[in-house]
Amino acid sequence: MHDRGEAARALAGMAEALRLVEGRSPAELRRRALALLREGLALPWGRCLALDASGRWLAEDADQARLACDDFRHPYAHAIRRGEPLSLALGEARSRLDHEAFQASIAGLAHDWRLVVRPLRARDGRREWLGVLALAGPAERLEALAERDDYRAFEALLCHLWAWLARQHDERRDQARLRDSLAELNDGARRRTLSERLGREILGASPAIRALRDQLARVAETHLAVLLQGETGTGKELVARGIHGVSPRAEGPFMAINCAAIPESLLEAELFGHVRGAFSGAERSREGLLGQADGGTLFLDEIGDMPLALQAKLLRVLESGRYRPLGGNEERRVDLRLVAATHQPLHRRIREGAFRADLYYRLGQFPLTLPALRERREDIPALAEAFIADFCRREGRGDIGLGRAALRVLAARDFPGNVRELRNLIDYACAMTPEGEDIQPEALPPEAAGGGAEDLPAGEEQAPRRPGPEEVVDLRRALRDYEATLIQQRLARYDGNRTLAAESLGLPKRTLAHKCRQLQLDSP
Ligand SMILES: Nc1ncnc2c1ncn2[C@@H]1O[C@H](COP(=O)(O)OP(=O)(O)OP(=O)(O)O)[C@@H](O)[C@H]1O
C-alpha cells in the first residue's frame, strides 16, 4: 500500500505528465520539460536540443538556430556522440570549447557554475529519437543529479512522452503526406482517364494536342464558360462536344448553333425561343436553344458574328442564369455551360466596336487556343490512318493503306483548312484508291501535290477566293477550277513561260500545254 504522501506525489507527477504533453509536439514537450526542471531545481540556465531526421543537426526547434552534431567545439556533440553525460565547470567550458554560438549562449553565466550535458534517448520499438539536455547553475544544485530518483524518473518520463509524441507526430505527417499524394494521384488519375477518353475522339499525340486534352479534362470538371479560338477546321466543335462528353453534364443535352449561319433576325428567336403570338406567324410557342440546353452545354459557334444587341442579352443570361422568351412575360431559369468558338480574333472585333469586351471576358473564363495542323505535323500520319479507317467503315470498303510517297506529300502540305481539309482529302483519295491498295500521290487531289496560293511571292495577284472544302458541291468542277487557278498563277509568275511553269509544277511541257487547251487558259 502506498502511503498518502506517495499517492499525492504520484498524482502530482501525473498532473505534471499531462501538462507536459499538452503542447502535442515533441518540441513543445521538450520546452515544457526544461521549464519544469529549471523551476524544480532552481536552475538559471538550460537547453534541450533534439537531433533532426537527417541525424546531422541539433536544435531546440525546427526553426531555431542549429548546431552540427559532428562539431566537437561544442559540448553537445561530445555527449550525443559518446552517449554519455558530461559535466564540467563553465570556466573550463569557456577555455576548452570555442564554438561561437555555444560561447555566446553561456556568455552571461558565472565562471564557477557547472555545466551538465546529458544525452537523451527516446525509444519506441523500432525508432529512436536523440537529443541532449544541458543544464547550468551552482554546482550544489547539479551535483549527483543522475543519482536522484526523482530526476531519473523525470528524465525517463520525458523520453517516454517524447517517443510517444514523436511517433504520433511522424504518423500524422506521414498520413498527411499520404493523403495529399493520394488526392493528387486520384486527381491526376481522374484527369488522365478523362484525357484518355478525350483521346478517342480528339486524335493526335503531339505535345500540343496532349496539352489541349489535359486542359479539356481540367475544365470539363468545372462550370466555367469556355472560349475556343482556332482556325477553321481545327476541331472547335469536336472539342466542345468532348468537353460536354466528359463533364458531369454529359447526361444532359448538347445544343449547338452557328451564329454566322443564321440570319440576324432569326438568331434571337432560335436562342431564346418564343411564346405563341410573339410575332406574326408564331402560332405555337417554341422553346429556344437556351431552354433546350438546360442541364447541359450550349455551343455557340462563330460567336464573333453575333449581333451586338444579342450580345447584351446573352451577357445578361450568363450573369443572371435567367432569360425571357420572345413575347413572354416571365423569366425562366437556365443552368447550362456555355462553350463559344471563334476563328476570328475577338480582340480585333472589340477594337472595331463589333464585339462587347464585357461579354468577351465572361465567355473567356477558360480560354483555349486550338493548334493549327501545320503546328503539329507529327499528327498527320495518325490522323490520316484514322480517317482512312473511318472511310472504309462508313463506305463498307475493304482495307486501304497509305503509301509512303503519299504520306510525304501530305506531310509537306500547309493545310489552311486544317484537320477538316485533311479529312476531305483522305476521303477523296480513298474514293480514288481500289480496295486492298495503298493511296498513291496521284490519288490525292491536286492541291496535295504541293504549292498553293500561299506560295505566291508578295505582291503577286491572288486568284478569286476558292470555295472552302465544306462549300464544294461539285468535286470535279472544284478540282478543275483549282487546277486552272494554279496553272494561271504559275504562268503569271513565269511571265507566260510554259517551260518554266511546267517545270515548277513537275509536269512535262506537253502535258501543261494540253491542260491549258483543256481548261481554255491563254497564257498572258
Ligand atoms: N484532333 C482531331 N481528331 C480527329 N478529328 C478531328 C480533330 N480535329 C478536327 N477533326 C475533324 O475535323 C473536322 C472539322 O472539325 P470541327 O468542325 O470541329 O472544326 P471547327 O474548328 O469547328 O471548324 P470551323 O471553324 O470551320 O467551324 C471534323 O470532321 C472533325 O471531326
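**Exercise 1. What percentage of the 524 residues in the protein is buried?**

Solution. The model is a predicted one. Of the 524 residues in the protein, 28% are buried. The chain forms 20 helices and 17 strands. Among contacts with a separation of 6 or more, 66% join residues 24 or more positions apart.

**Exercise 2. Compare the expected span of helix 15 (residues 380-395) with the distance between its end C-alpha atoms.**

Solution. Step 1: helix 15 has 16 residues, and at 1.5 Å a residue it should span 22 Å. The expected span is 1.5 Å times one less than the number of residues. Step 2: the end C-alpha atoms of helix 15 are 22 Å apart, which agrees with the expected value.

**Exercise 3. Which residues of helix 15 are buried, and what do they pack against?**

Solution. Step 1: the buried residues are Ile380, Ala384, Phe387 and Ile388. Step 2: seen down the axis of helix 15, these buried residues fall within an arc of 105°, so they line one face of the helix. Step 3: a general rule fits here: an α-helix has 3.6 residues a turn, so residues three or four places apart point the same way. Step 4: the partners of the buried residues are strand 16 (401-402), helix 16 (404-411) and helix 17 (418-432). Step 5: just after helix 15 comes Gly396, with a positive phi of about 65°.

**Exercise 4. Where does the ligand lie with respect to domain 2 (207-371) and domain 3 (372-450)?**

Solution. Step 1: the ligand is surrounded by 16 residues, the closest being Leu203, Gly235, Lys236, Glu237 and Val419. Step 2: at least two residues of the shell come from helix 9 (236-246), and at least two from helix 17. Step 3: by type, the shell holds four nonpolar, seven polar and five charged residues. Step 4: domain 2 and domain 3 both give residues to the shell, so the ligand lies between them.

**Exercise 5. Are Ala144 and Glu302 buried, partly exposed or exposed?**

Solution. Step 1: most residues other than glycine have a negative phi. Ala144 has a positive phi of about 55° although it is not a glycine, and Glu302 has a positive phi near 50°. Step 2: Ala144 sits in the loop between helix 6 (139-142) and helix 7 (149-199). Glu302 sits in the loop between strand 11 (297-301) and helix 12 (308-320). Step 3: Ala144 has 8 other C-beta atoms within 10 Å and is exposed; the cut-off for exposed is 12 or fewer. Step 4: Glu302 has 19 C-beta neighbours inside 10 Å and counts as partly exposed, because a buried residue needs 20 or more.

Methods. Residues numbered from 1 in each chain as written. Predicted model: local features only at pLDDT ≥ 70, side-chain atom pairs only at ≥ 80, totals over all residues. Helix = DSSP H or I, 4+ residues; strand = E, 2+ residues; numbered from the N terminus. Arc of directions from axis to C-beta. Contact = placed C-beta atoms within 7 Å. Near = placed C-beta within 6 Å. Nonpolar A, V, L, I, M, F, W, Y, C, P; charged D, E, K, R; others polar. Domains from an automatic or database assignment.
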